[in-house]
Structure formats: C-alpha cells, structure tokens
Amino acid sequence: MSDFPYLSVLTGAPLVGAVAVALVPRSRPQLAKWLAFGSSLVVLGFSIAMWVAFQVGGARFQFRESYRWIPFWGARFTMQADGIALVMILLIAVLVPVVILASWHDAEASRRSVPSFFALLLALECTMIGVFAAADVFLFYVFFEVMLVPMYFLIGSYGGGERARRQYAAVKFFLYSLVGGLFMLAAVIGLWVVGRNQLGHPTFDWNELTHLNMATSTGRWLFLGFFLAFAIKAPFFPFHTWLPDAGAAAPAGPAALLVGVLDKVGTFGILRYCLPLFPDASHFFAPLGLVLALVGILYGALLAVGQNDLKRLVAYTSIAHFGFIGIGIFAFTTQAGTGAVLYMLNHGLATGLLFLVVGMLVTRRGSAMVGDFGGAGKYVPVLAGVLFIAGLASLALPGMSPFVSEFLVLIGTFTVNKAVAVIATVGIVLAAAYVLWMVQRTTQGTVNPTLASVDKMRKDLSVREAVVVTPLIVLILFLGFYPKPVIDVINPAVKATLSQIGSTDPAPTAPTNAAGGVK
Amino acid sequence: MSVLADGSFTAPHLNYVALAPMLILFGGALVGVLVEAFLPRRWRPMVQFLVALAALIAALVMVILKGVKITGVNHPVLTASTAVSVDGPGLFLQGTLIVLGIVALLLFADRTLERGGPFVASAAVTAGTEADRTQAQRASGGTDAFPLMQFALGGMLLFVSANDLLTMFVALEVFSLPLYLLCALARRRRLLSQEAAMKYFLLGAYASAFFLFGIALVYGFSGSVGFAEIHAAALASGNRQSLLIIGFSMIAIGLLFKAAAVPFHVWTPDVYQGAPTPVTAFMAACTKVAAFGGILRVLYVAFDRPSWDYRLVLGIIAVLTMLVGSILAVTQSDIKRLLAYSSIANAGYLLVGVLAFTKSGLSSSLFYLLAYGFTVIAAFAVVTLVRDSGGEATHLSRWAGLGRRSPLFAAVFTFLMLAFAGIPLTSGFTAKFAVFSAAIDGNQTWLVIAGVITSMILAFPYLKVVVLMWLSDPGETTPTVSIPGAFTSAVLGIGVVVTLWLGVWPTEVLDLADRAAQFLRG
C-alpha cells in the first residue's frame with residue numbers, strides 16, 4: 001500500500017479544477033471546456049493508479065489518511081477506502097469525463113455561462129468522491145449536504161424544459177434531500193453523543209463508532225435517521241417522487257451523474273453507515289427495507305412502461321433498479337451484497353449510458369416526448385443501434401454486466417427469502433417491457449412524418465458522441481464477460497460488512513458450483 | 001447626620017481596566033455629540049466616522065487585553081462594587097459586540113450608494129412635504145447616528161456584563177433609547193421609518209416596564225438585586241416561591257422581547273422593515289447578541305437551579321419561536337421582512353442552545369451569536385445594494401433575475417442564504433451543529449427535533465430567494481445592483497470570509513468560546 005494520499009488528491013483535484021474553470025471568462029468557453037476535460041482526465045488517471053495500488057485481499061480499508069480539523073468536536077479530516085468505495089470512486093472517475101464530453105454543447109444551448117456549467121460539474125465530482133472516501137461521519141455529512149448545491153444549480157439553471165418545471169424540479173430535489181439530511185443531522189449528533197459517553201472522548205471516526213454498544217431503542221432511532229436520508233437519496237419508494245422530475249428537468253449529462261452516482265450515495269450510505277453502525281436495528285428493519293425495495297421494483301417498472309417522456313422513463317427505471325440494489329443489501333448474504341455493489345457499478349454505467357444516448361436523441365429532436373419520435377432509426381441508424389444496446393444493458397441481457405449483478409442479487413436473495421426473490425424476478429420481465437417498447441416506439445416502426453423537417457435528425461453519431469459511448473459500452477461488455485477483477489475487490493469488503501452485522505451466509509443445501517458463491 | 005460628614009462612606013472600587021471598553025465608547029459618543037454641536041456640517045461625516053471608529057477600535061483593544069489577561073491568569077473581575085462582572089462570557093460578548101459594531105459602522109458611513117448617506121438630513125422635517133423631498137434628494141445626511149450608535153453599543157457592553165438586575169435595567173434603557181431614535185432616521189420612506197420607531201419605542205417601553213416590575217418582585221423575594229444573592233435565596237427558600245416565579249416570568253418577558261422570541265416578536269418585522277437598512281443590520285446582529293448575553297447571564301447565574309423547572313416553558317417558547325419564524329418567513333414578499341422572520345427563527349435556535357444549561361450550551365450560544373452576526377450584517381449589506389431611483393428595492397419581485405444582471409452579488413447573497421439554511425461549509429451549519437449537539441447533550445432532544453423540522457421549513461424561503469435570483473428572468477422593473485463603495489464592499493468581504501472561515505475551520509473560535517464559557521458568580 002503506497003503512502004501517496006490518493007483520496008485527498010482525488011477529492012482536491014476536481015475542486016482545484018473547478019476553481020480554475022470558474023475563473024475562465026465567459027468569452028472563452030472552449031478554454032473552459034478543455035480545462036474541465038483535462039481536469040477530469042487527471043482525476044481518472046489518479047483513480048486508475050489507486051486501483052492498481054489497491055491490494056486485493058489485503059486490509060479492508062486502505063489509503064487511510066487523517067488530519068486535524070475540529071478537535072473540539074472530535075471531527076477529523078479522515079479518509080479511507082474499502083473495495084466498495086474504491087469501485088464507486090472509479091465509477092465517478094470514468095463517468096465524469098464522459099459526461100463532460102457529452103455535455104460539450106449543452107451549456108451553450110441554455111444561454112448561460114459555460115464556464116460555470118463545467119465548474120459546477122467538477123465541484124460536483126469533488127463532493128461525490130469525498131462522500132465515498134470519507135471515514136469520519138462529520139466529514140461524510142458535510143460532503144453529503146454540499147453535494148446538493150452544484151446539482152441544484154445544474155438542474156435549475158441549465159436544465160431543459162420550461163422554466164417553471166425546471167424550478168419546481170430543482171427546488172423539489174433540493175428540499176427533499178435537505179429534509180433527509182436534516183434528519184440525518186439529528187442522528188449524527190445522537191450518535192456522537194452516544195459515542196462520547198461510551199468512549200470518553202468526542203469522536204466522529206467511523207472505525208471507533210462501529211464498536212459502540214448502544215441501547216436497542218437508541219440504535220433503532222438513530223438507524224431510522226440515517227436510513228431516512230439514504231432512502232430519500234437512493235430513492236426508495238415512497239420517497240422517490242423527486243427523481244422523475246429532476247431527471248426530466250436536468251440536462252442529460254448531470255442527469256446521468258444524478259442517477260449514476262448521486263443516488264448510489266444512498267445505497268452506499270446504507271452499506272457503510274446504517275448496517276455496521278447499527279447492526280441490531282439493521283436486522284430489525286430489514287423486512288421493511290426489503291418490502292420498500294420490492295415495491296420500488298414493481299412500481300418503478302410499471303410507471304416506466306407508461307411514460308411518454310423519455311427522460312422521465314429512464315428516471316423511473318432507475319427507481320426500479322434501485323429496488324434490486326435494496327434487496328441485495330437487505331438480504332444479508334455475501335452473494336446478494338456483492339451483487340448489490342456490482343449492481344451499483346453496472347447501473348451507473350448502463351443507465352448513465354442510457355441517459356446520455358437519450359440526451360443525444362433529445363438534442364436532435366428538440367423534444368423528449370416519445371410521440372415526437374417514431375422510426376427515428378431510419379434517420380440515425382447508428383444512434384438507434386446504440387440506444388438499443390443501452391436498452392439491452394438496462395434490461396440485463398446476459399453478456400452485459402448488469403446481468404451478472406442482477407443474477408447475483410437474485411440468487412443471493414433466493415437462498416434466504418424465496419418469496420422476495422420470485423417477486424423481484426417479475427421486475428426483469430417488466431424491464432424488458434419498458435425498454436423494448438420504448439426502443440420500438442422511438443426508433444423502429446413507422447416513421448413519424450414530423451421528423452423529416454427536423455434538420456438535426458439527419459446527423460448521425462458524431463465522433464465526439466462515439467467517444468462518449470464507446471468506453472461505456474466497452475466496459476459494460478467487458479464486465480459482462482469478465483467481472484472477476486471487480487468482484488475480487490468487492491467481495492471481501494462485502495463479507496467484512498456483513499460480518500460486522502453478525503450475518504452468516506446460509507450453507508448450501510445441495511452441492512453447487514454457483515459463481516461467486518459461498519466457498 | 002450626613003454620611004459624608006461622618007466620613008464612613010467608602011467609595012466603590014472601580015477597576016478601570018475592566019470598565020475601559022464601556023468608558024471609551026461612552027467617551028466617544030460624547031465627543032460625537034460635541035462634534036454634532038460645534039463642527040461645520042461639511043466636516044461632520046468624516047470626523048464622526050473617525051471618532052466612532054477610533055473609539056470602537058480602542059475599546060476592542062482593551063477587551064482583547066483584558067481577555068488575554070483573563071485566559072492567561074484566569075482572573076475574571078467583579079467591579080463597581082459587584083455591579084459589573086467582567087468574566088469570560090462577558091468579555092467574549094463584548095468583543096463580539098464591538099467587532100460587529102465596527103462592521104455595522106462601515107455600513108453607516110457608506111455614502112456612495114445614495115448621495116448623502118442612508119440617514120435623513122433633518123429628522124424634524126415633516127414627512128411627505130416638499131421640504132422632505134428636497135432634503136431626500138440633495139441634503140447631506142445627518143450624522144447623529146454615529147454617537148447614537150456608540151451610546152447603544154456602550155449600553156450593550158454594560159448589559160452583557162451586568163451583575164445585578166438594576167444595572168441590567170439601566171443598561172437596557174441606555175442601549176434601547178438610541179436604537180429607537182436610530183430607527184426613525186431613514187432617508188426614504190420616512191413615514192414607515194417613523195412608524196417603526198414609534199412601534200419599537202412603545203412596545204419596548206412596555207417590555208422594560210415588565211422587566212422593572214419583575215425586578216421589584218424578585219427583590220421582594222430575595223432582598224437583593226444581585227445575581228449571586230438571588231441565586232442563593234432561590235436555593236435556600238423551600239416552597240414559597242410564587243414571588244420568584246412571577247418575578248422571573250416578568251423579567252423573562254422583558255428579555256425575550258429584546259431577543260425577538262414568540263410571542264414577543266411582533267415588533268421585529270415592522271421595525272426591521274422600516275428602519276434604515278444599516279440600522280437594521282446593526283440591530284439584527286448586535287441587539288441579538290446583547291439580548292442573549294443578558295438571557296444567558298440571568299438564566300445561568302441567577303436562576304440556575306430553582307426548585308421549579310422553567311425549562312419546559314422556555315422550551316415551548318423556543319419551539320414556537322422557531323415555528324412561527326420559519327412558517328411566516330415562507331409567505332413574505334419583502335426581503336427585509338423575510339430576513340426579520342429568519343432572525344426570529346434564529347432566536348429560537350439560540351434559545352435551544354441556551355436551554356441546554358451546560359458549558360457546551362453556553363459556548364455554543366456564544367459561537368452562534370458571533371457567526372450569525374457576521375452573516376446577517378453581510379445579508380443586509382446586499383439589501384442596501386439593490387436599489388432603483390426611488391431607493392432600495394426590497395420587494396421580492398424586484399429581485400427576480402438578479403443573477404443574470406449581477407452574478408457576483410447574487411452569488412454572494414446565495415452563499416449567505418445557504419449559510420442561513422445551515423448548509424455545511426458555512427458558519428450557519430457549524431453554529432447549528434454546536435447548538436444542537438449542546439442541546440442533545442443537555443437532554444433536550446425534543447428541542448433538537450423541533451429545530452431540525454423547522455430548519456426544513458425555513459430552508460424554503462431562502463431557496464425561494466435563490467430561485468428568484470437565478471432561475472427567473474429579469475423583468476423591466478428589476479433594478480440594477482449598485483456598485484458598492486469601499487465600505488460596503490469591505491462589509492460584504494468580511495461577512496463572506498468570516499462565514500466561510502467559521503464553516504470550514506471553526507476550531508480556533510470554538511476553542512475560544514469554550515475557554516470563555518465560565519460565568520463568574522460572586
């Protein structure tokens with residue numbers, strides 16, 4: 001394990017980039033764009049270096065660094081990464097350059113400051129990495145809340161659609177997340193008080209706080225405070241209503257980051273904070289989590305089928321996918337947990353890709369409504385093909401990475417809770433329904449006559465857009481056939497998390513050779 | 001036989017070093033009055049500003065010197081025969097008051113935004129007449145505000161260091177009366193300004209009367225007005241405490257009025273809206289500090305542990321304050337009234353910290369007062385910048401699209417709104433965190449839950465303003481943001497820097513507040 005402070009560099013570099021880009025004058029948008037792209041590539045480089053430096057099978061938490069911050073409260077600037085966090089940070093590092101490329105012309109379309117747009121994207125990257133890297137509960141909370149500010153401006157100022165809807169979506173997003181965050185604040189303070197009384201000194205350090213013994217009722221209330229915030233973030237039904245509006249209003253790039261990364265903070269938070277800090281409460285509330293996740297799968301999928309707005313449709317599919325992740329987490333088996341984390345990565349890639357491709361279609365047509373498309377494949381065949389691939393990834397076609405994660409989640413859940421697994425499987429069928437129907441309605445079948453008059457529809461995939469989608473497709477296919485490198489990193493971390501909550505995997509009832517299963 | 005002839009009268013010992021800040025400010029105010037009387041009009045603005053600045057800086061230096069001596073040697077002081085107690089919290093609050101006073105003074109002195117400054121040239125001219133209009137356009141503003149402000153600050157310094165109820169009452173009047181006058185000195189919309197002053201004066205007079213009557217009852221109960229003696233009497237007496245309870249309630253009414261707690265908050269929106277904006281800034285920051293300094297001292301020193309627990313009643317008042325402040329802020333359409341209701345809600349949060357009754361409760365309240373003061377003065381400084389030909393444009397609809405016209409100032413104001421909403425990386429968050437953690441520590445979790453819920457409600461009006469500035473298009477009536485002069489820029493810069501600094505690196509100030517958080521009871 002090298003001593004290079006990867007995590008603070010990864011958190012600080014985008015911030016430096018954001019400040020630099022923000023200072024670029026409005027009259028030089030190209031400079032801002034290239035500067036932003038360069039910064040994101042630097043971050044990508046560092047994160048790949050960190051991946052290589054990570055010792056698979058080594059210590060659970062690596063790259064730990066800790067600096068003095070607020071000794072009065074026991075809050076330190078501490079960062080560390082386990083396999084789960086590492087994978088998430090890699091996802092961010094891969095997605096952000098792709099999103100910057102994809103949004104190359106979006107900022108100008110909104111007639112607002114171009115440097116600010118990219119500066120906000122980089123600031124968002126900084127806070128997102130910080131959330132996953134933080135090992136101090138106070139620091140985590142700070143990043144968790146600050147994350148809202150750049151995303152709010154990205155949705156509200158640069159989003160598409162009429163201004164009233166944009167405002168509404170941005171404010172709803174902000175207030176929902178703030179509400180969750182404030183409940184979590186009460187829980188964080190409660191946890192701090194419990195920790196201080198037991199340990200004798202005030203501390204926010206995650207390593208110390210996971211060794212507390214607390215009264216059952218205290219543990220349950222604190223768990224609820226954290227869980228509420230994460231359930232709103234994820235989002236789980238019934239706290240999901242902000243996502244469709246925000247997803248529809250945001251520009252395609254930030255929307256991809258919204259569902260690809262921001263929402264993962266919710267499920268990551270459950271894995272990293274709710275489960276290990278409050279093991280008894282986790283077991284107590286697991287049935288609730290499973291039910292909410294299950295309802296989310298079916299509800300999100302059913303609502304996605306009927307959507308006429310492409311971006312809202314993708315947002316609803318996100319709710320469905322997060323239901324799968326939720327099931328994987330609350331099943332409390334290593335298989336399901338590994339599947340859930342892998343799902344987080346794959347969903348980021350697949351739904352990110354889907355959002356970006358939908359964004360390309362929307363920019364061409366000038367509208368996100370399905371009714372305005374129809375047979376678009378005739379004009380933009382390559383783009384339609386890419387949309388089809390993205391859709392297939394979303395519905396977890398075998399050979400693409402989401403299939404592996406979905407499979408793991410379902411198998412891991414089946415061993416402990418057959419009913420939940422069976423009902424969840426219905427979600428796969430619904431996924432096929434909404435994806436295929438959407439693809440068919442937009443790019444296949446009879447050609448919509450209004451398309452002929454739209455100039456932009458004649459331009460197929462440009463080089464820039466090809467560069468945007470290629471890395472994502474390559475990753476999806478590669479991890480679909482060879483997910484081992486990632487699973488090797490995730491598995492020990494999930495095992496350690498589950499052992500912290502005192503869960504053991506069920507012994508196999510018949511001799512099996514299941515992939516990634518219990519040895 | 002007269003006592004003097006008897007020769008047995010001993011003069012009280014006055015520790016001039018400890019009293020120096022107050023004496024300097026009163027001296028500065030007197031010099032200011034002389035300047036008003038004798039100096040030709042042309043010279044007055046510059047000289048008054050310099051006199052006030054010099055007095056404030058000198059007072060600050062004395063406070064720091066005394067503070068360094070205290071923290072070094074741990075030597076708080078009772079002086080003026082125990083009427084004044086210059087201890088840790090007293091010094092911290094005095095320092096806070098003076099620093100905030102310096103920042104507000106910069107706002108008072110700014111003459112670049114409006115020709116002649118923010119104050120009326122001659123307050124005696126009848127509002128609405130031709131003479132009034134002429135003087136609003138051309139005449140150079142009156143400079144009475146400077147000595148009045150120094151009197152008010154001097155009174156506030158005494159208020160937070162008073163060690164008995166009568167001294168406290170005297171200080172209360174000394175700082176309130178100049179404030180009533182200051183509210184009447186607006187250059188534009190003079191009727192509104194005079195109405196605000198009248199309202200403040202009348203309601204303030206009632207509150208002071210309650211305060212005085214409460215003092216009388218408490219004196220009847222304990223035989224003394226000194227905090228230490230009251231405390232001893234409250235502990236000693238067994239069951240017949242009705243006098244104490246009623247007296248304490250009336251004292252609390254007087255104090256809570258100044259602090260703008262529900263249901264004694266009704267004056268706040270009207271007075272904040274009518275007063276000249278620099279005065280509003282001064283009041284929002286310094287009066288709050290003074291009022292809570294008084295509340296802290298009275299509660300922690302005098303009425304610390306009586307056999308009856310008033311925490312529930314005060315807790316209900318805190319919850320109501322937070323609720324009313326946040327709910328009513330949502331519906332406001334005038335930015336100054338919105339900030340006034342936010343000020344009321346913040347008084348509720350401060351009460352949450354006060355009611356913890358632990359050392360951390362005291363230190364967190366001190367920190368909150370300091371952090372909040374800077375943010376609120378900067379917020380009102382931005383309000384002074386948004387103007388059209390008729391003066392300040394405070395109706396919210398006029399702020400639409402400000403982000404397009406003046407992104408820098410809209411960004412500054414957005415940052416201040418985020419600070420009020422309690423987003424991390426701002427002092428608003430660290431202050432709220434300090435206060436909430438102290439409350440949970442002091443077993444007042446219900447107050448924290450109420451605080452969290454009202455924070456959510458309160459976030460909405462701030463967000464509304466941010467949305468209005470950035471996400472709306474500017475209309476024809478959107479005014480431009482005036483280019484601030486050096487003074488207002490300094491205020492904005494200081495406010496933003498302190499808000500950011502206390503949000504990202506609050507350690508030093510938290511430690512300072514903690515070291516200062518030990519009342520002297522003697």
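**Exercise 1. Place A:Thr210 in its surroundings, starting from its side chain.**

Solution. A polar atom of the A:Thr210 side chain lies 3.0 Å from the backbone oxygen of A:Asn207. A polar contact is a pair of N or O atoms within 3.5 Å; within protein, one must be able to donate a hydrogen and the other to accept it, and residues adjacent in sequence count only if both atoms are side-chain atoms. The model is predicted: local features need pLDDT of at least 70, side-chain atom pairs count only at pLDDT 80 or more, and totals for chains, interfaces and linings use all residues. Residues are numbered from 1 along each chain as its sequence is written, chains are lettered from A and ligands numbered from 1 in the order in which they are written, and side-chain values use heavy atoms, leaving out hydrogens and water.

Next, the position: A:Thr210 sits in the loop between helix 9 (206-209) and helix 10 (216-233) of chain A. Helices (H or I, at least four residues) and strands (E, at least two) are DSSP runs, numbered from the N terminus.

Then the cover: with a relative accessible area of 12%, A:Thr210 is buried. Buried means under 20% relative accessible area, exposed over 50%, and partly exposed in between (1.4 Å probe, protein chains only).

Last, the neighbours: leaving aside residues up to four places away in sequence, A:Thr210 touches A:Pro276, A:Leu277 and A:Gln500. Contact means heavy atoms within 4.5 Å.

**Exercise 2. Describe the interface of chain B and chain A.**

Solution. Begin with the count: 34 residues of chain B are in contact with 35 residues of chain A. The two chains bury about 3400 Å² between them, 77% of it on carbon and sulfur atoms. Buried area here is the accessible area (1.4 Å probe) that two parts lose on being put together, summed over both. B:Phe433, B:Met456 and B:Leu471 supply 20% of the area that chain B buries against chain A, more than any other three residues.

Now the charged and polar pairs. The rule finds one salt bridge across the interface, where a salt bridge is a side-chain nitrogen of Lys or Arg within 4 Å of a carboxyl oxygen of Asp or Glu. The side chains of A:Arg196 and B:Asp441 meet in a salt bridge at 2.4 Å, N to O. Three residue pairs across the interface are in polar contact, both at pLDDT 80 or more.

Finally, the elements: helix 17 (407-421), helix 18 (427-441), helix 19 (445-471) and helix 21 (507-516) of chain B each supply at least two residues of the side that touches chain A. Helix 19 of chain B gives the most to that side, with 10 residues.

**Exercise 3. Examine salt bridges within each chain, and state whether their partners are buried or exposed.**

Solution. Over all chains, the structure holds 15 salt bridges. In chain A, A:Asp82 pairs with A:Arg272, the closest N and O atoms being 3.0 Å apart. A:Asp82 is in the loop between strand 2 (75-81) and helix 3 (83-102), and A:Arg272 is in helix 12 (residues 252-277), 190 residues apart. Both A:Asp82 and A:Arg272 are buried.

In chain B, the side chains of B:Arg297 and B:Asp87 form a salt bridge at 2.8 Å, N to O. B:Arg297 lies in helix 12 (residues 277-302) and B:Asp87 in the loop between strand 2 (84-86) and helix 4 (88-109), so the pair ties together parts 210 residues apart in sequence. B:Arg297 counts as buried at 1% relative accessibility, and B:Asp87 is buried at 0%.
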